[in-house]
Amino acid sequence: MTARDSAPAPAAPTAGTLARTAKRALREPGVLLSLAYLAASALGLWASYWMYRPFGIPILEYMQPSDVLVAGLRDPTYVALVALSFAFWQLVRMWERWRFENPERVERLRRRWYGRLWAPLWRERLRRSAIGQALFGIGFATYLTLWFVYWYAQTETERMLQGRGTAVELTYASADAPSAEPALLIGTTANWVFVYWPQQHRAEAIAQQSLRSLRYPVAAPRPVR
């Protein structure tokens with residue numbers, strides 16, 4: 001065994017990178033907030049696309065620039081999903097740290113088929129590259145966030161397709177009474193209201209100037225005993 005083979009792999013500069021990023025954010029918080037705002041907007045566009053796609057609505061064609069900027073701020077669940085992705089990534093980092101600190105146990109684990117899945121050899125090779133390690137961490141965290149948001153959007157769409165969701169009563173500008181059939185509210189933009197009619201299995205985009213009001217029926221309160 002040569003000295004090169006026995007030399008340990010250099011540690012990934014994750015902690016140093018995070019420390020430098022935190023110091024820079026403290027010096028320039030405006031830049032960090034701007035990047036976070038742009039990331040939230042991109043995340044909102046991603047969620048909107050997958051939420052409206054099963055209804056056959058090309059939501060991106062209905063959006064104004066103002067809608068794009070607030071797309072990621074309409075639902076606070078997105079913030080929770082991002083936090084969940086970050087927590088899951090921290091668990092992965094803990095597992096990675098244990099792997100590299102216990103090479104003998106990992107080698108024994110690799111003798112089984114599930115061990116080769118949890119501790120692949122390419123991760124050791126990637127760890128020797130600081131750039132590759134950083135890109136892997138960013139890419140994995142981004143993938144988790146996009147997947148969680150995609151799952152949430154598909155779950156909400158499936159609920160509405162099954163007839164569950166936020167019921168609304170539409171009153172058109174040319175009518176005095178609300179429509180007899182209630183609809184489910186999919187979402188809104190600056191100029192449009194998107195609803196789903198579960199009885200007809202039909203989605204519709206309605207211009208806001210065509211509506212007089214949008215009423216949310218409230219369940220009758222329970223009698224006080």
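This section describes a beta sheet and a nonpolar surface patch. The model is predicted.

The sheet is open and holds five strands, in the order S4-S3-S2-S1-S5. Pairing within the sheet is antiparallel. The edges are formed by strand S4 (202-207) and by S5, each of which pairs on one side only. From one strand to the next, the twist averages 40°. Strands of a sheet pair through backbone hydrogen bonds, in either a parallel or an antiparallel sense.

Strand S1 (residues 167-172) pairs with S2 and with S5. Its partner S2 spans residues 183-188, and two bridges join this antiparallel pair. Val168 has Ala183 of S2 as its bridge partner. Strand S5 (residues 211-215) is joined to S1 over four bridges, again in the antiparallel sense. Here Glu169 stands opposite Arg215 of S5. In a regular strand, side chains alternate between the two faces of the sheet.

The nonpolar patch lies on the surface and covers about 540 Å². Six residues are listed for the patch: Leu35, Tyr37, Leu38, Leu69, Val70 and Leu73. The most is given by helix H3 (residues 29-52), with three residues. Another patch residue, Leu69, lies in helix H5, which spans residues 65-69. The relative accessibility of Leu69 is 42%, so this residue counts as partly exposed. Partly exposed residues fall between the buried class, under 20%, and the exposed class, over 50%. Patch residues must have over 30% relative accessible area, and Leu69 has a relative accessibility of 42%.

Technical notes. Residues numbered from 1 in each chain as written. Predicted model: local features only at pLDDT ≥ 70, side-chain atom pairs only at ≥ 80, totals over all residues. Heavy atoms only, no water. Patch = residues over 30% accessible without salt bridge, like charges linked within 9 Å, V, L, I, M, F, W, Y side chains within 5 Å. Areas by Shrake-Rupley, 256 points an atom, 1.4 Å probe, with all protein chains shown as cover. Salt bridge = Lys/Arg side-chain N within 4 Å of Asp/Glu carboxyl O. Buried < 20%, exposed > 50% of the residue type's maximum accessible area, 1.4 Å probe, protein only. Pairing = 2+ DSSP bridges. Axes fitted to C-alpha atoms, helices over the stretch in contact; angles between N-to-C directions.
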